[in-house]
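Reader: Hello! I am new to this structure and would love a close look at one part of it. Could you walk me through it slowly?

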Amino acid sequence: MDKKILFIDDDFEFLALLEKMLGLEGYKVFPASNGADGLHLAYEQHPDLIILDISMPEQNGFDVCKSLREITTVPILMLTARSNEADVKHGFAVGADDYLRKPFARDELLSRIKALLRRGKNVNINNVAINK
């Protein structure tokens with residue numbers, strides 16, 4: 001499998017865990033520990049899917065999602081501990097394609113990833129400069 005997944009989360013241990021888990025499934029994972037790095041990787045690597053946390057310092061996941069939507073139509077899965085209905089609604093409003101609450105079941109995450117990748121076959125990264 002040659003699918004690339006960008007994973008943006010400020011929890012280094014969780015980044016490493018998901019990178020290993022998804023790597024074992026055949027995905028190439030590009031981890032980013034903050035929004036700015038995630039935006040740069042999205043522009044440089046042209047991922048097939050982006051997994052995004054909400055609670056991050058400096059730039060939260062809602063803002064990152066909004067910025068990503070300015071440069072790409074790639075599917076975005078919000079994977080976060082924030083579980084209230086207002087957060088879910090806001091996530092979809094800023095451009096998320098799916099929303100999964102932590103803690104989550106491994107098989108459910110993998111199923112959602114596969115479904116999003118099936119739907120996201122015709123995506124593009126616009127030729128937009130990203131300022132850090």
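Here is the part I would like to start with: are H1 and H5 roughly parallel or roughly perpendicular to each other? Please go on from there to whatever helps me find my way around.

Author: Happy to help! One thing to keep in mind from the start is that this is a predicted model.

Let us begin with your two helices. H1 covers residues 12-24 and H5 covers residues 106-119, and their axes are 12 Å apart at an angle of about 65 degrees. Angles of 65 to 115 degrees count as roughly perpendicular, so H1 and H5 are roughly perpendicular to each other. The crossing in which H1 passes H5 is right-handed. If you would like to find the contact on screen, look for Leu 18, Met 21 and Leu 22 on the H1 side, which meet Arg 106, Leu 109, Leu 110 and Ile 113 on the H5 side. Sorted by type, the residues of this contact are six nonpolar, no polar and one charged.

Now step back for a moment to place the pair in the chain. There are five helices and five strands, and from the N terminus on they run β-α-β-α-β-α-β-α-β-α. The chain has 132 residues, of which 45% count as buried. Among contacts between residues at least 6 apart in sequence, 64% join residues at least 24 apart.

The loops leading to your two helices come next. Asp 9 sits in the loop between S1 and H1. Its relative accessible area is 1%, so Asp 9 is buried. A polar atom of the Asp 9 side chain is 2.8 Å from the backbone nitrogen of Asp 11. Leaving aside residues up to four places away in sequence, Asp 9 touches several others, among them Phe 14, Leu 15, Asp 53 and Lys 102. Asp 53 is 44 residues from Asp 9 along the chain, yet their C-alpha atoms are separated by 5.2 Å. With Lys 102, Asp 9 makes a side-chain to side-chain polar contact of 2.9 Å.

Lys 102 takes us towards H5. The peptide bond between Lys 102 and Pro 103 is cis, with omega about -5 degrees, and Pro 103 belongs to the loop between strand S5 (98-101) and H5.

For a contrast with your pair, try H2 and H3. H2 spans residues 35-45, and it packs against H3 at an angle of about 20 degrees, with the axes 10 Å apart. That angle makes H2 roughly parallel to H3, and here too the crossing is a right-handed one. Gly 35, Leu 39, Ala 42 and Tyr 43 of H2 meet Val 64, Ser 67, Leu 68 and Ile 71 of H3. The residues of this contact divide into six nonpolar, two polar and no charged.

H3 rewards a longer visit. At its start, a side-chain oxygen of Asn 60 comes within 2.9 Å of the backbone nitrogen of Phe 62. The buried residues of H3 are Gly 61, Phe 62, Val 64, Cys 65, Leu 68 and Ile 71. An α-helix has 3.6 residues a turn, so residues three or four places apart point the same way. The partners that the buried residues of H3 pack against are strand S1 (4-8), H2, strand S3 (49-52), S4 and H4.

H4, residues 85-93, contains His 90. The relative accessibility of His 90 is 37%, so His 90 counts as partly exposed. Between the C-alpha atoms of His 90 and Phe 62, which are 28 residues apart along the chain, the separation is 7.7 Å. Past the other end of H3, Thr 72 lies in the loop between H3 (61-71) and strand S4 (76-80). Thr 72 is buried, at a relative accessible area of 3%, and a polar atom of its side chain is 3.0 Å from the backbone nitrogen of Val 74.

Finally, two loop residues have an unexpected backbone angle. His 46, in the loop between H2 and S3, has a positive phi of about 50 degrees although it is not a glycine. With a relative accessible area of 42%, His 46 is partly exposed. Glu 58, in the loop between S3 and H3, likewise has a positive phi, near 70 degrees, and is not a glycine. Glu 58 counts as exposed because its relative accessibility is 88%, and the cut-off for exposed is over 50%.

Key. Residues numbered from 1 in each chain as written. Predicted model: local features only at pLDDT ≥ 70, side-chain atom pairs only at ≥ 80, totals over all residues. Heavy atoms only, no water. Helix = DSSP H or I, 4+ residues; strand = E, 2+ residues; numbered from the N terminus. Buried < 20%, exposed > 50% of the residue type's maximum accessible area, 1.4 Å probe, protein only. Polar contact = N/O pair within 3.5 Å; in protein donor to acceptor, adjacent residues only side chain to side chain. Axes fitted to C-alpha atoms, helices over the stretch in contact; angles between N-to-C directions. Parallel < 35°, antiparallel > 145°, perpendicular 65-115°, else oblique. Left-handed = near helix turned anticlockwise from the far one by under 90°. Contact = heavy atoms within 4.5 Å. Nonpolar A, V, L, I, M, F, W, Y, C, P; charged D, E, K, R; others polar.
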